[in-house]
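Reader: Hey, can you walk me through this one? I'd like to go bit by bit.

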Amino acid sequence: MINIALFASGNGSNVATVLKKLHKKSLNVGLIVSNNPEANVLNIAKKHEVPTLIIKKNEFYQTEKIIQNLEEYKIEWIFLAGFLWLIPHYLIQKYPYKIVNIHPSLLPKYGGKGMYGAKVHDAVWEHGEKETGITIHYVNEKYDEGQIVFQTKCKLNEIDTPDIIAKKVHDLEYEYYPIIIKKLISGEKV
Ligand code: GRF
């Protein structure tokens, strides 16, 4: 079974969905990496008995220590789910086209540094967009600019609040991220 790592900094609802739908069935989530020792995703990891690694900024950017951790767990793919730090060059080189992110908008719209979580949905709402969606993309050294693997949309109504927009987008994420992860690791066409 292929071992993957999930990188997450926050709530971890996408991580929970991947664990529920894929873990120990289609793949093994070998490691959950977080930069935030308080993140709820660590509770989710504990519940599913998945090992965790808390990383510190200087270590992540000034050393390549994490490679040893990833090798220890035989990690072949890395999927980001609400991980807010830029992925350093050495890691991208070590995992070419094997690091993937999910972003809660139709990139290139509403992406880039600082565009995450509610900020994305607030901006979509402020611009009166008629639709939004999700983007799953390979990770490169710039925020949200790697090659797009998959996008899907949802329609927005005039009465939709940012919270409703967030809910619609999260529902798309829960439905499609596990499907796309499964396809990518098995080499299927997306
Ligand atoms: C998701 O909306 C994902 O697209 C983005 O960060 C959010 C993480 O949410 N990259 P959660 O922690 O999975 O609930």
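Reader: So which hand does the crossing of α1 and α7 have?

Author: The crossing of α1 and α7 is right-handed, meaning the near helix is turned clockwise from the far one by less than a right angle (anticlockwise would be left-handed). Mind that this is a predicted model, where local features need pLDDT of at least 70, side-chain atom pairs count only at pLDDT 80 or more, and totals for chains, interfaces and linings use all residues. Residues are numbered from 1 along each chain as its sequence is written, and side-chain values use heavy atoms, with hydrogens and water left out.

Reader: What's the angle where α1 and α7 cross?

Author: The axes of α1 (residues 13-22) and α7 (residues 162-185) cross at roughly 50° and come within 9 Å. That makes α1 oblique to α7, as angles under 35 degrees count as roughly parallel, over 145 as roughly antiparallel, 65 to 115 as roughly perpendicular and the rest as oblique.

Reader: Which residues of α1 meet α7?

Author: S13, N14, T17, V18, K21 and L22 do, and their partners in α7 include H170, Y174 and I181. Contact here means heavy atoms within 4.5 Å.

Reader: New topic: what order do the strands of the sheet come in?

Author: The open sheet has 7 strands, ordered β3-β2-β1-β4-β5-β6-β7, with mixed pairing. Strands pair if DSSP finds at least two bridges between them.

Reader: Why is one side of β3 and of β7 left without a neighbour?

Author: β3 (52-54) and β7 (148-155) stand at the edges, so each has a single partner strand.

Reader: And in what sense do β4 and β5 pair?

Author: Parallel, over 3 bridges. For example, L80 has N101 in β5 as its bridge partner.

Terms used
Helix = DSSP H or I, 4+ residues; strand = E, 2+ residues; numbered from the N terminus. Axes fitted to C-alpha atoms, helices over the stretch in contact; angles between N-to-C directions.
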